[in-house]
Amino acid sequence: MGNEACDLDSTVSALALAYFLAQSSPAPRAAFVPVLNIPRADFALRTETTFLLRDRGVPAASLIFRDEIDLGGLHHAGLLSLTLVDHHVLPGADAALEEAVVEVLDHRPLERERGPPCRVTVEPVGSCATLVTERIAQGPPGLLDRTTAALLHGTILLDCINLSPAAGKVTPRDVACVALLEERFPELPPRDSVFGALQAAKFDVSGLTTEQMLRKDLKVISGDELVLAISGVYVDLETFLLRPGLLQDLDAFCQARGYAGLVAMTVSFNERHEPTRKLAVYSRCETLRGTLCRALEEATTPSLHLQPLPSPWPCVGAFAQGNALASRKKVLPILRAALGGAGAAGGPEEEVVPPPTPMNSLVEECPLAQAVPPLCPQDVLERVSRIATGQPPGSPK
């Protein structure tokens, strides 16, 4: 199971690792179920993920989402062994599942130790899919099929910005895994075309409302009294701030969820795949807004090199971020510390499960918007039987 952001890396890592384990595990009665850690209705927001899976012939109907499987019930029945990919700490709502965790693969810094018998692989690579590729390559020969290779190949390229050193994410191990996949499957499309198509799909928010744009890549940090949302937004900041009704949308978004404020981190890329980052800090509370802005401007680990930009409203601070290598992962600790100083103890980072996606032009008449009844353990075993019999992730039932 991947993390609750359920981005392309989390999704493909879960699919590929589950398929590999189903092929290589000596346990004949085990069913390896890749779980996408969002409600099915929110899948349409993951535009790069829906694009790649559709392009590679993986039907959405074959996927299992978090609202379709009772992990708590499986655990209570003694039937659950949980492998975490692209994260290693479960959110508070899933604390009861911690004792079911048997393995972790992640590329984030380790926040907590896990003792035996849990197998832990935490390495500073650009993509968790790199760790999954390495794991598959170390397994029995012949288990890596073309569909799985294409999914891993595209994911690593997108996560590592087409292996561009200027973006500050790629490592030699990411490069080695892409080369390995291309060597074994020379028919894979050229890197530039794969990255360009995925990047375009990821940044295609033309059919989304402001509320959906904010939920598309959302993380939340909390303290005793304050909750702050941090959204990755895939349009230029000036374009975002000029959206019709934006201030009312920000008000409604935060009020409906109890957020004291919101930080929008926009990112775009030039033709050399170099990122441009900008920030918007919104809060109706002047004290909180000022605290957050000062913390970001005065940060030294890392320094963001912020330059103020014009804002249409006094309750929104806008900045150009000179340090384009400082991603949200590096900004979150700054905001967490500031939140503690604003009157609440700095709490953990939570990747939230958004509410169902409103119908709009992107998902209208789409089967992904239809409710799916929760799966009981018997349903799960039946649904993934094709994996146990050796069919690749994209095979039809």
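Q: Which residues are linked with Asp-42 in a network of salt bridges in this predicted model?
A: Let's start with one pair: the side chains of Asp-42 and Arg-215 meet in a salt bridge, 2.3 Å from N to O. Asp-42 lies in the loop between β1 and α2 and Arg-215 in helix α8, so this pair ties together parts 173 residues apart in sequence. Together with Asp-42, the network holds Glu-211, Arg-215 and Arg-257.

Q: Is Arg-40, which forms a salt bridge with Glu-68, buried or exposed?
A: The closest N and O atoms of Arg-40 and Glu-68 are 2.4 Å apart. The pair links distant parts of the chain, with Arg-40 in the loop between β1 and α2 and Glu-68 in the loop between β2 and α3. Buried means under 20% relative accessible area. Arg-40 has 7% relative accessibility, so Arg-40 counts as buried.

Q: How many of the 10 residues of helix α4 are buried?
A: Helix α4 spans residues 128-137 and is mostly covered. What covers its buried residues includes α1, β3, β4, β5, α5 and α6. The buried residues are Cys-128, Ala-129, Thr-130, Leu-131, Val-132, Thr-133, Glu-134, Arg-135 and Ile-136. The count is nine.

Q: How is helix α5 oriented relative to α7?
A: The axes of α5 and α7 come within 9 Å and cross at roughly 70°. Angles of 65 to 115 degrees count as roughly perpendicular. Therefore α5 is, relative to α7, roughly perpendicular.

Notes:
Residues numbered from 1 in each chain as written. Predicted model: local features only at pLDDT ≥ 70, side-chain atom pairs only at ≥ 80, totals over all residues. Heavy atoms only, no water. Axes fitted to C-alpha atoms, helices over the stretch in contact; angles between N-to-C directions. Helix = DSSP H or I, 4+ residues; strand = E, 2+ residues; numbered from the N terminus. Parallel < 35°, antiparallel > 145°, perpendicular 65-115°, else oblique. Buried < 20%, exposed > 50% of the residue type's maximum accessible area, 1.4 Å probe, protein only. Contact = heavy atoms within 4.5 Å. Salt bridge = Lys/Arg side-chain N within 4 Å of Asp/Glu carboxyl O.
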